[in-house]
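Here is a friendly walk through one protein chain, starting with its charged pairs and then stepping back to the fold. Keep the view open beside you as you read.

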Amino acid sequence: MTKYKEWLSNIVPVINKNDKVHLCVDFINLNLIAPKDAYAMTVVDMLEDSKVNNGILTFMDDCSRYNQIFITKKDVHKIAFRCLNAIGIFEWVVMPFRLKNVGATYQRAMNMIFHHLIGRTMEVCTDDVVVKLAEFDQHLIDLEQAFKRMRLHNLKMNPEKCAFGITTDHFLGF
């Protein structure tokens, strides 16, 4: 049927917590043979500690996370999937969910995109971005720098999951 038969995966319908059906690709065979990417992930406790000494915080959540990172052309054939009822065979051109090393690959990309801001004015943990600073005027400048990097790399944030200008008192007290 296709010259990539050994990489062909099936679609599995999954119902999420909002009772919406998502079609997921079952990459179990590909994940079994893929080597583990040992890239160090961000320690969430350290991110929480870094927020404490800052007066103003902005929380942003990346929209579609992994789907914003393109797959190299030489690897696209490895993530082919078949649709039900003979609709056809398709290949992902962006990183799909449930692929073995997407978390490490995504964190590496975020660290590269925001390398000069991380630890200074912002923190990044996979799809969560926190811009932090004590002074409001400086916070706006830092947000502008973060947005310029996002625009340059075509990253999109989910507006429903963003909170701008939160004070640490409000954050810690929910």
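A search of the whole structure, which is a predicted model, turns up 5 salt bridges. As background, side chains of opposite charge can pair when their charged atoms come close. Among the bridges are these:

| Acidic residue | Basic residue | N to O distance |
|---|---|---|
| Aspartate 75 | Lysine 74 | 3.6 Å |
| Glutamate 123 | Lysine 132 | 2.8 Å |
| Glutamate 144 | Lysine 148 | 3.9 Å |

How do these pairs sit with respect to the surface? Aspartate 75 is partly exposed at 23% relative accessible area, while its partner lysine 74 counts as exposed because its relative accessibility is 62%. These two also belong to a network of salt bridges that links Lys74, Asp75 and Lys78.

The pair of glutamate 123 and lysine 132 is a buried one: glutamate 123 has a relative accessible area of 12% and is buried, and lysine 132 is buried too, at 5%.

Glutamate 144 and lysine 148 share helix H4, where they lie 4 residues apart, about one turn of the helix. Both residues are partly exposed, glutamate 144 with 44% relative accessible area and lysine 148 with 48%.

Now for the fold. The protein chain holds 5 helices and 8 strands, arranged along the sequence as β-β-α-α-β-β-β-α-β-β-α-β-α. Of its 174 residues, 40% count as buried. If you look at contacts between residues at least 6 apart in sequence, 66% of them join residues at least 24 apart.

Helix H3 makes a good example of a covered element. Its 12 residues, 102-113, reach 16 Å from the first C-alpha to the last, close to the 16 Å expected. Buried residues in H3 include Val102, Tyr106, Met110 and Ile113. Their cover includes strand E6 (122-125), strand E7 (128-133) and helix H4 (136-152).

What lies on the outside? The chain exposes about 11100 Å², of which carbon and sulfur atoms supply 59%. Ile15, Val21 and Leu23 make a nonpolar surface patch of about 340 Å². Within that patch, valine 21 belongs to strand E2 (residues 21-26) and counts as exposed, with 56% relative accessibility.

Finally, a word on confidence. The average pLDDT of the chain is 80, and 83% of the residues score at least 70. Over residues 169-174 pLDDT stays under 50, and the model has 5 contacts beyond four places in sequence for that stretch.

Terms used:
Residues numbered from 1 in each chain as written. Heavy atoms only, no water. Patch = residues over 30% accessible without salt bridge, like charges linked within 9 Å, V, L, I, M, F, W, Y side chains within 5 Å. Areas by Shrake-Rupley, 256 points an atom, 1.4 Å probe, with all protein chains shown as cover. Salt bridge = Lys/Arg side-chain N within 4 Å of Asp/Glu carboxyl O. Helix = DSSP H or I, 4+ residues; strand = E, 2+ residues; numbered from the N terminus. Buried < 20%, exposed > 50% of the residue type's maximum accessible area, 1.4 Å probe, protein only. Expected span 1.5 Å × (residues − 1). Contact = heavy atoms within 4.5 Å. pLDDT = per-residue confidence, 0-100.
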